[in-house]
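Me: I'm new to this one and would like a close look at a single part rather than a tour of everything. Please pick a spot, walk me through it slowly, and show me what sits around it.

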Amino acid sequence: MGATATYVYCAVQASGTPRIARTPSGLPGLGKPRLLDAGDGLWIVVGDAPLPQYGEASIARGLTDLDWVSGCAIAHESVVECWIRAQAVVPMKLFTIFESDERALAYVRQQRRRLDRIIRRVAGRCEWGVRIRLASPPAPERRARRATSGTGYLAAKKQVRDTARDQATRGQSRANAAFATLASKAAEAERHSPPAGGHVASRLLLDAAFLVDTGRVEPFRAVTRRLTRELKGEGFSLELTGPWPPYNFIES
């Protein structure tokens with residue numbers, strides 16, 4: 001094994017040689033991103049990874065440093081996301097590293113049928129994220145914090161629990177309806193499980209990803225704007241993020 005390995009960011013489908021000049025610098029210490037021609041319009045975006053910094057032992061040590069891992073993840077995603085306007089982009093996992101360019105290309109040849117299926121799935125589409133949350137604590141919760149007597153505090157806390165239960169039921173129903181409406185405007189939709197503690201801890205009612213045809217983005221966004229207005233009046237907030245590479249739609 002030489003002094004450097006080949007770090008792979010993503011695979012890109014393009015009709016001609018992609019322009020890479022404005023690609024971000026990538027992970028700290030890696031060489032400038034470059035392209036490997038995998039044939040038939042498929043290109044691999046890679047960087048030279050110095051083994052003292054990105055060998056197995058070094059990465060294993062680095063994984064114990066959350067700041068280092070976070071910085072690497074952000075840098076990795078910045079390279080992937082700059083290819084969002086390509087015909088299709090297939091992100092690779094963080095720290096996808098091969099001994100050489102030849103090994104990276106051999107892996108792509110081995111995985112070509114799977115990659116082609118993914119490309120057919122995501123070509124001409126981008127990902128959008130939607131989160132719906134309970135916008136603010138119910139009024140009884142604020143009153144409970146201000147209560148001065150023990151009896152008043154307990155009564156207010158009971159009202160908080162009752163109100164929270166009612167809001168959870170109503171909020172989940174509204175989130176389900178919003179998901180169905182948005183999914184009807186998308187090519188595909190994925191709904192994520194709530195975090196530990198559910199909406200009680202995070203006030204998160206919906207965390208979903210939508211794969212949207214580039215030609216259908218404006219109708220999709222128009223629906224999110226309408227839902228945002230409707231939900232705001234009911235005490236909920238809707239957050240739209242994107243466009244993103246199809247991170248949630250590359251398993252095949």
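Reply: A quick definition to start: helices and strands here are DSSP runs, at least four residues long for a helix and at least two for a strand, numbered from the N terminus. Keep in mind too that this is a predicted model. On that basis the protein chain comes to 9 helices and 9 strands. Of its 252 residues, 40% are buried.

Let's settle on the largest pocket and the pieces around it. Its volume is about 360 Å³. The lining has 16 residues, and the ones closest to the centre are Pro91, Met92, Lys93, Leu94 and Ile250. Helix H3 (66–81), strand S4 (88–91) and helix H5 (112–122) are the elements that each give two or more residues to that lining. Sorted by class, the lining comes out as 10 nonpolar, 4 charged and 2 polar residues.

Now follow H3, where you'll find histidine 76. Histidine 76 counts as buried because its relative accessibility is 4%, and the cut-off for buried is under 20%. Leaving out residues up to four places away in sequence, histidine 76 touches Met92, Lys93 and Leu94, along with Tyr7, Val8, Tyr9 and Leu27. You've met three of those names already: Met92, Lys93 and Leu94 are among the residues closest to the pocket centre.

Next, swing over to H5, which also has a helix packed against it. Helix H4 (residues 101–110) meets H5 at an angle of about 70°, with the two axes 5 Å apart. So H4 is roughly perpendicular to H5. On the H4 side, the contact uses Tyr107, Val108, Arg109 and Gln110, while H5 brings Arg112, Arg114 and Leu115. That contact is a mix of 3 nonpolar, 3 charged and 1 polar residue.

Finally, go past H5 into the loop that leads to strand S6 (125–134), and you reach glycine 124. Is glycine 124 buried or exposed? Neither, quite: it is partly exposed, because its relative accessible area is 34%, which falls between the 20% and 50% cut-offs. Beyond its neighbours within four places in sequence, glycine 124 is in contact with Gln87, Val212, Asp213 and Thr214. Glycine 124 and leucine 211 lie 87 residues apart in sequence, yet their C-alpha atoms are 9.9 Å apart in space. Across the protein chain, among contacts with a separation of 6 or more, 74% join residues 24 or more positions apart.

Methods: Residues numbered from 1 in each chain as written. Predicted model: local features only at pLDDT ≥ 70, side-chain atom pairs only at ≥ 80, totals over all residues. Heavy atoms only, no water. 1 Å grid on protein atoms, 1.4 Å probe; cavity = no way out; pocket = protein on both sides within 12 Å on 5 of 7 lines; lining within 4 Å. Points joined across faces, edges and corners; volume = space filled by probe spheres on them. Nonpolar A, V, L, I, M, F, W, Y, C, P; charged D, E, K, R; others polar. Axes fitted to C-alpha atoms, helices over the stretch in contact; angles between N-to-C directions. Parallel < 35°, antiparallel > 145°, perpendicular 65-115°, else oblique. Contact = heavy atoms within 4.5 Å. Buried < 20%, exposed > 50% of the residue type's maximum accessible area, 1.4 Å probe, protein only.
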